[in-house]
Amino acid sequence: MSADEVGVMTRTSESTDRAGERELELYFGPQHLGMVGNFSITLKVRGDRIVEATANPGYLHRGFEKLMEYRTWMQNVPLVCRVNVVEPDSMEMIYTMGVEKLAGIEVPERAQYIRSICLELAHVGSHLFGLWAYSNMLGFDTPAQWAMYHRDLVLDLFEELTGGRVYHIYLWPGGVRRDFPEGFKDRIVETLHSIGGCVPDYDSTFFNNRLFHQRAHGVAKISQERAKALGATGQVLRATGMRYDIRKVEPYAAYDQVDWEVPTREEGDAYSRVWVIRDEMIESVHMIFKLLDAMPDGEVYNRVPNPFKWEIPPGETYVRCESSRGELGLYMVSDGGDKPYRVHFRTPSYPHGLTILEELLKGASIADVGNTMISLYVVAPEIDR
Amino acid sequence: MTASLRKGLESTFKDVEVRGSEDGRLSVLAPKDSIPVILRHLRENGLDHLALLSCVDWQQRGTLEVVYILSAYMQNDTDHTSDQRLHVFLRTHLPRENPELPSAIAVFENAEPYEREIHELFGVHFVGHPRLIPLFLEREYRIPPFRKDFDTRKYAEETFDAIPPVDK
C-alpha cells in the first residue's frame, strides 16, 4: 500500500458539476502513515485535484515562549532544545547566541570549533532523517532504512560526547559543557567515512533513480520571486538559485575559518530541493573533516556569573543561524532581570509549512501532498513551538 | 545602505524616531497608522524579507509593542554583501485595551500566519486580514494567553479542576 493514500472523508458539499464530481473535504490529518510530525492539512478536493488546502498547526503547541519567561537564563538551556525535535542543537545554539549577545559574553576559540562540528553533525543527522521521511513517502523504503541506520551512528557519536542521543544540552552560554573525550576525533572520522562510503549506493538507489525523477521533477515548483515574497529561506530558496546561507552571510561559530561552498539548483521543484539536501549533506561531512583538522587547543568554556543570581542588562536582540531547514532566528528581550522577558523563535518551517504549502497545494494532485510537504522540509514542532 | 536608509526615513516621514546601533541594527519607532507606508518604503529600498513579526507585552507601561524585523535577500547568482547583515526593527506601541493595527499582508504576504498568531496570543486586531482565526489554540480565553497578566496556574485550576472527578 502506498504511503500517500489520504485519510477519512468527512462531509460532502452539495455542489456537483456536470462530470459528476463532488467537492469533498479530506483530512491529511495528524494520524496518517505519511505524516511526519503532528500536523494536519485540510484539503478541499474535486476529483483528484486539490481546490484549496488549509494547514492546521497547533497539535504540538507547548507554549515554550511563555514557559521560558518563568525560568532563569540557565534553566532555559535544557528546555530550549525541545522546540525542534529533529535537530535540537540548532535551538541550543540560537538561544546561546542570543544570551551571549545580550550579556556580552565571549566564547573561546576551541569552543567555536566544537560548536561548528556539533552543528554540522546535527545537520547530517537531520538531513538523514529528512531523507528517511521523504523516501518513505515516495515508497522507496530501502534507502529510508539505510538513512535511519546511518543517523543512528551519528546519534551514537552524540551519546559518547554529551550523554544524550537526541537532546544534548551541550551548548550553553560561555562555550560548551565539556571537551572531546580521548580518541573522539578518530571516531568521528571513522563514522563519517562509513556513512560517506555508502553515498554511491544512495545515489544509485534513490537520487539517480528514474522513478524518483518522474515522481518529483516539476512537482511543487516555486519560482524565486514567489519564494522571496512568501518568506522562504533554506533549501526552498537555494533550490531556486539564490546562494543565501546564514553561515556565509553572517558567519557565527567557526564557519568563516573553513573553505566551503553553498550548493544550489535552478528549477525550484521538489527534485531540486532534495538534490540540494543531498549536496549539503556531503558538504557538511567535508566541512567536519576540515574543522577537525583546523581545531586549536585551549579552553572550551568561559565562566558565566552564578546561574542562580545571573541578571542580564536590559536590551533586545535578533540573532540568526542556519539550521538544516533554513534561517532560524531568535528575538529576545531582557528587562534586566534573571529571566527572559520575551522570547520569540523565528523558525524556518513557519513560512514553509503554512504559507508556501497552502500555495503550492492549490491545483496539485492528492498523491503529491506528502511529496510537497516533505520536500519543503517542514518540521512540525518548529511551527507550533 | 544603513546611512542612506536612515536619511531616507528621516526625510520622508516626519514622526519616526530612528536609532542605529553598531552591529548593523536600525531601530525605527513609528505611530501605528504609518506602519504600512513605512513598510512599503523599506521594501522598495531593498529590505524584502520580513523575518519576524513579534509582539512584546510591556505591562508596566501599559502598551503592547509590535515589532517587524526586516532584512534583505540577495540578488540571484551574486555573492552576499554587507547589505545582508542589516536588520531593521520597525516598532510601534499600541494601547493594551482594544489594540488595533493595519495588516501588513499587502506589503509582505508572509505576514499572514504571524498576524494570526499575535491576534490569538496577545489580542491585537489586524484590520484587513482575510482570515483572523486562531492558528494554534482551540479554546476561548478571557485574557490572551501570552499577556503578562495571564496566570497559567490559575487558568488551569479554574478550567480543569472545576471538572468534578469521575466518582463524584
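**Internal cavities and a buried helix**

In this predicted model, the second largest cavity holds about 60 Å³ of space. Thirteen residues were not equally central: of the 13 that line this cavity, A:Val86, A:Ala122, A:Arg151, A:Leu155 and A:His168 are the closest to its centre. A cavity is a set of points on a 1 Å grid over the protein atoms alone where a 1.4 Å probe fits but cannot get out, and lining residues have an atom within 4 Å of a point. Volume is the space filled by probe spheres set on the points, which are joined across faces, edges and corners.Helix H3 (88-103), H4 and helix H5 (141-162) of chain A each give two or more residues to this lining, and H5(A) gives the most, with 4 residues. Helices are DSSP runs of H or I with at least four residues, numbered from the N terminus. By class, the lining of the second largest cavity has 8 nonpolar, 2 polar and 3 charged residues; Ala, Val, Leu, Ile, Met, Phe, Trp, Tyr, Cys and Pro count as nonpolar, Asp, Glu, Lys and Arg as charged, and the others as polar.

The structure holds 5 cavities of 30 Å³ or more, and the largest contains about 80 Å³ of space. Its lining includes A:His127, A:Phe207, A:Arg278 and A:Tyr377. At least two lining residues come from each of helix H4 (109-138), helix H12 (270-294) and helix H14 (369-375) of chain A.

In helix H13 (residues 349-360) of chain A, 11 of the 12 residues are buried (under 20% relative accessible area, 1.4 Å probe, protein chains only). Among them are A:Tyr350, A:His352 and A:Glu358.

Residues are numbered from 1 along each chain as its sequence is written, and chains are lettered from A and ligands numbered from 1 in the order in which they are written. Local features need pLDDT of at least 70, side-chain atom pairs count only at pLDDT 80 or more, and totals for chains, interfaces and linings use all residues, while side-chain values use heavy atoms, with hydrogens and water left out.

Definitions and conventions: Buried < 20%, exposed > 50% of the residue type's maximum accessible area, 1.4 Å probe, protein only. 1 Å grid on protein atoms, 1.4 Å probe; cavity = no way out; pocket = protein on both sides within 12 Å on 5 of 7 lines; lining within 4 Å.
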